[in-house]
Every structure is written in C-alpha cells, then in structure tokens.
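Here is a quick briefing to read alongside the structure. Have a look at the picture, then work through the points topic by topic.

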Number of protein chains: 2
Amino acid sequence: MSTIDDVAKLAGLSKSTVSRVINSYPHVSEAKRQRVLAAMQQLAYVPNSAAQSLRRQRTGLIAVFVPRLMNPFFSQLLQSMELAASERDYQLIVCQTMYSQEKELKYAELLRRKQVDGIVMTSIQNEWQAIAPYVRYGPIVLCNEFDDAAEVPMIRLNQEYGGYIAGKHLLAMGHTRIACCSGGTRSQVAFHREQGLRKALQEHSLFLPDTYIFRDAYSIEDGIRVFAQIKDMKIRPTAVFSGGDEVAAGIIAGAKQHGCRVPEDLAVIGFDDQKITVLMEPNISTVRQPIGLMAQQTIALMAEKIESRQYTQREVYEYPLELIVRESTCVSVLPTKEK
Amino acid sequence: MSTIDDVAKLAGLSKSTVSRVINSYPHVSEAKRQRVLAAMQQLAYVPNSAAQSLRRQRTGLIAVFVPRLMNPFFSQLLQSMELAASERDYQLIVCQTMYSQEKELKYAELLRRKQVDGIVMTSIQNEWQAIAPYVRYGPIVLCNEFDDAAEVPMIRLNQEYGGYIAGKHLLAMGHTRIACCSGGTRSQVAFHREQGLRKALQEHSLFLPDTYIFRDAYSIEDGIRVFAQIKDMKIRPTAVFSGGDEVAAGIIAGAKQHGCRVPEDLAVIGFDDQKITVLMEPNISTVRQPIGLMAQQTIALMAEKIESRQYTQREVYEYPLELIVRESTCVSVLPTKEK
DNA sequence: CTGTTAGCGCCTTCAG
DNA sequence: CTGAAGGCGCTAACAG
C-alpha cells in the first residue's frame, strides 16, 4: 500500500503539494499537478480513509437506525436514503434495533466514538431523555418517528391527519364499529394515527373502545393474530384501520381463511401503500406516504447539519399524506348490523 | 471530547497503561486498573475509532453489496447479516449497486481505501476480471451469487438443483411447454437455475425454446410484463418457472387480470419462499432458500478471513434447497393441450 | 505557489 | 508490571 509520502517522493515534491492535489486546492501550478497525478496513477495510490478521518474529524459515515429491514417500509426508506447518501459520497451503516432499547443505545455509541458523523433515527425505542445526551457528539435527525421532547431536526408526516382521513373514509362507507391496530406503544407515529382516528369518530359521536385496540402489530403474522381475536368477539368491528399494509394483508388473509368476506363482513384499510396492496384480493385501501421524498430530504438535511455543525435545534418538516381507496373498504351494500 | 491523554493524566498514569486497560491486556495491576476505569468513567471517555482504525489498520466495517434493498430476498439477507455482524461487533455498510457496473466498481474502492475490512458480494455486475484486482486489498466473500473464475471464499446454493427440482415438479404435473424467467444475463445464479430446468426437460426429451425465455425479470412489474408477452403468444406455455417470488406474483396478478386461471391455464412456480407466496391466491409454489443460514455463515466466514488475513483461496460452501409445493402449480386436471 | 512542521488519538515495541 | 517514544497516513497552519 503506497502512502502520500511515496507519491511525494516519486513526484519529487512535498506531501503538502500532493495533499493539495488530492483535495483539489486552487493554488497548485498545473505542471506540478500533473506530476503528482502521474505519480498517483503509477502507484495506484488512494488516500487512506482512516488517516483522513482522524485528521479531518469526520468519517463520511451516517448510521441509520431502523427496527428491522424485513419490514418493507423501512427497507424502502433505507433504499432511498442509500441512493441519496451515495450521491453525496456518504456511506450508510445499517443499525437494526430489533425494537430493543439496549441495541438502540449500543448503536448510539457509534456517534460518541466518532465512528459516524451523524445518526438518522427512523424509529425510537428509548425515552428521548436517554437519547438526548448523544446530540452533543453529533447530529441526530429524526425521520418518520418523532418525539415532542426532541430538540433536533425532524422529517415527519402528519400522522394524525393520516389516521383522520382513513377514519373519515371508513365512516363514509357507513361503518360505526371501527377497530384500530398499530405498532409499538411508545411510538408517536402510532399514537398520532390513533388520535386522528379518534377525532374522526368523535365527529360522528362515536368512539374507540379499548377492546378494539390492538397493539404491537407489525407483521403479516400479527395481522393473522389480530383477526383471530376479532373473530372471537361477541360484537365484532365491521372495519379495521391498520397502521401498516403487512398487518392489513395478514388480517385479510386470516379473514379469508375463516370465510369472513372483505370488505363485506370486515373492511380493512392499511398504511404505506406497499406493493402488496395491489396484489392482494381484494386490493387494499391505504394511506400513501412519500417515502422516497422523506428519505431524500432526511439525507440532505443530515448532510447540511454535518457540514454546518449546527444541529441542536428543533426543526420540523412535514410532507403530505394521501388516501388511496381500493377494494378492501368499498362495498355498495354494507352487512346488516345487529346491535 | 476527552482523549486517552486526559484519562492518563487524571489517573496519574501513562497512556500505555490506559491503553492496556482499554484493550484488556493481562499484565496490569488491579489497583491501577481500577484507577484507570474510574478516570474513564469520570470523563465519559470512549476511544476514538478513527485513531484506532489508523493504528490497528482495521476498521471493523464490512461492506455488503446488494443490487437493491426493495427486493425482499436481499433485504432479508442483509437483515440476517446485520444481526450476525452485530454479534461480532462489526458494522455493515450498505452498498446498492442498482445493477450498475460503475456503482459496483465505485463501491469496491472502499476496500482499497481501507474504509472497510472486507466486502460481501451478494450479486456481481462486472466480469470477475474487473473485481479480482481488489482481493489484494482485503477479503471478498461471495454470498448467493458466484463466479467460476473467482478465487475467493463463497457461500452458495446449488441453483442448478433448484431449477431441476422445480422443473421436475412441473413435468410431474404434466406440463410439457414450460417457460423460464430469470434475472440478469450475467448472473450465474440465473444461468444455473436455467441449466437445471433444461436438464429436467431433457430427461423428458423436451427442451426450452428461446421464445419461452424471459430475462431481466426482477420485480412484480416485470412479472406483469412477462405475462403480457405470454398472453400474446400463438402457442403459450402452460407453466412458468420464475427465478423469484415477486416475479411469480406479478405473473399471477397479470394472469388474473386477463382472466387466465392459475394454475389451470398457467402454472407458476417461484423461488425464495417469500411471505408473499402464502398471501397470493393461489398460494405460490416455490423453492425455499436458507437465507438466514447463508447470511450467518457468510459473516462468520468473513470475520475469520479478516482475522486470519488468508483469503485468496477458492472455498465453496453449499447449502440445501427445498421444493415447496403449493396451489399455483397443482391442479388435478390439466387444461387440454392443443398442439 | 510550495515546503516544513506539528499534530489528529491511539497502540506497541522497547527499556526499565 | 509500567512508562517513554515512535509512528499509523494525512491535513493545515505557517513560513518563505
């Protein structure tokens, strides 16, 4: 492995000049620039990145926290972030918290050790109080998940509005017994969606009974489990709002297995507008999130924070949400409702 | 940010002793060890990782090349690798090649710059000849994709066998006109699967006509496109072997849109055993790959190669593949076949 | 425009 | 068992 010294020696110049060429500084005579370039070429030289990191006090790495990649929402988010990061010559380190507080804190150490220049959190497992101390070591940008106590920049969606339009849609379809099913209990995203749904219900003088609330639902399997619970209820809901298309798909799969028709016997609406929504029978109504846009903005914002070194201020950027109506909520004749 | 010097000063000891404590060397008296530990605690000291990397000549980072994350096969592979890496205190850098040769080569530079200790390639875009020069800079381990010219360790599956058992199954169901649909043309994985299918056909004195071969099929949309092409054929195949469940799902979705029944009019078999196989109607028959196992072994192998510094030898590890028969290929009565 | 010098923070011989 | 010293490879003042 050749070093900057080898290049300098071969070119008959000093390290500084070579360094200036590497970093394309202005004041280098064209002749010497060429000599350096030739030497670099000849030695197949590339700067050692650990040395650069140590010297510059920045690594060009960003850690991205996700709960787990198999959730398509997060893999899509990460895919888009990686694309945006790659354009700016940042590399992304994947950190799966697996919904664990310990793992999240362990990964947060990356920032303290200066292994990464910043952290993007797409989900939050700990109380903000536990995360807050890390902001002094570098920028933390929130994307998707958020926290009222967080004094950091965040990119988010109006989840309450999302829950609200989904709820209004179900109500417009004539439903009065609507269930709600969401991810983690600590998640503000889930909480706000639920609030939105409640608000919609309230406008119709309805409410969300505790028995109609299902938590910790993330996957297809969870959806199947949720349906099994619904099935056994004396008074079943006629519609379910689910905080994820996978869960919605699971509910539908469960329903079909038990001869329960969707949407006639049970309407289901998801969230995210994943591919699966149009493959299922019936197609799944959902709320579309601008994932690519959020991801791009997050990386742009992070790059700016890293470069400006100003990042301890709360800034909120919001993007629009869109209701997508498909078959899983649309039936002309609603099932008879016995009280 | 406190440094090792600050700790040494506060503890009234030398940097070397502190360093020995950090790296848990044996010969340090318990008393001094405690003093160092106390000082570290008090200063909330953590070693700077850039400095460690520069000194130790290793970063604890592994780059993982995938084509794109939205393909669930690769996000699942990455999820499992991240879990395995995290156990060993390695971090993973995501590198999406987006099927581009240029991006792949650009990411390969990470190894030359010593930004990562090794590279795991789950897909290969360039000729091996273009990748080979990089092995002198650090270990490259192949996982899933492979190349006959590659003198490196690799974890792979017997893709030919996979194509073979899928083909045999379709033949056993009475099909004689079988189409094949796969990803990239440079992919050995795709090539071997096709060979396996051809071998199965040959055993029945059948063959695979060029018109029944569809390349560059990766996604649901590609599957829909493939069906559109099949639909317009004078002599349609009665079965399709697809090198991915997403593509299979797309074919089925396309078929259903056009009133073509699966499996009666067209049998479809996928590959991977993704979640989607059991959500579709009909359920999709497929070939299951031991993704988690492959991922774990890959990281274990990579860690070993990094630590032993021996990695320029060809080693092949193979894992078993399993046929999963579901509804998309099973019908008692096959459609009448007109010649 | 170019070279000299001094570290970035850590690990690791080498003496003691 | 402990400390001193050198250097990993690079950048950034500071002179000239």
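**The annotated stretch**

Residues 2-56 of chain A have end C-alpha atoms 20 Å apart, and this span is 69% helix and 0% strand. Helices (H or I, at least four residues) and strands (E, at least two) here are DSSP runs, numbered from the N terminus. The model you're looking at is predicted, so local features need pLDDT of at least 70 and side-chain atom pairs count only at pLDDT 80 or more, while totals for chains, interfaces and linings use all residues. Residues are numbered from 1 along each chain as its sequence is written, chains are lettered from A and ligands numbered from 1 in the order in which they are written, and side-chain values use heavy atoms, with hydrogens and water left out.

- The UniProt record (an unreviewed entry) annotates residues 2-56 of chain A as "domain: HTH lacI-type". UniProt positions are given in the numbering used here, feature names are shortened, and annotations may be inferred rather than shown by experiment.

**Around DNA strand C**

- DNA strand C is surrounded by 29 residues, and A:S16, A:R20, B:I4, B:Y45 and B:R55 are the closest. A residue counts as near a strand if one of its heavy atoms lies within 4 Å of it.
- Sort those residues by class and you get 9 nonpolar, 12 polar and 8 charged. Ala, Val, Leu, Ile, Met, Phe, Trp, Tyr, Cys and Pro count as nonpolar, Asp, Glu, Lys and Arg as charged, and the others, Gly among them, as polar.
- From each of the two chains, A and B, α2 and α4 each supply at least two residues of this surface.
- A polar side-chain atom of A:S16 sits 2.9 Å from a base oxygen of strand C.
- Phosphate oxygens of strand C get partners too: one is 2.7 Å from a side-chain N or O atom of A:T17, and one is 2.5 Å from a polar side-chain atom of B:Y45.
- Of the strand C atoms within 4 Å of the protein, 55% belong to sugar or phosphate and the rest to bases.

**Around DNA strand D**

- Of the 28 residues around strand D, A:I4, A:Y45, A:R55, B:R20 and B:H27 come nearest.
- This surface divides into 9 nonpolar, 12 polar and 7 charged residues.
- The helices α2 (15-22) and α4 (49-56) of chain A, and α2 (15-22) and α4 (49-56) of chain B, each supply at least two residues here.
- Side-chain N or O atoms lie 3.1 Å from a phosphate oxygen of strand D for A:R56 and 2.7 Å for B:T17.
- For strand D, 57% of the atoms within 4 Å of the protein belong to sugar or phosphate, and the rest to bases.

**Where chains A and B meet**

- The contact (heavy atoms within 4.5 Å) takes 52 residues from chain A and 52 residues from chain B.
- Together the chains bury about 4800 Å², with 57% of it on carbon and sulfur atoms. Buried area is the accessible area (1.4 Å probe) that two parts lose on being put together, summed over both.
- In chain A, A:Q79, A:R113 and A:L279 lose the most area to chain B, together 14% of what that side buries.
- The interface has 6 salt bridges, where a side-chain nitrogen of Lys or Arg is within 4 Å of a carboxyl oxygen of Asp or Glu.
- B:D89 and A:K106 form a salt bridge, with their closest N and O atoms 3.8 Å apart.

Key:
Polar contact = N/O pair within 3.5 Å; in protein donor to acceptor, adjacent residues only side chain to side chain.
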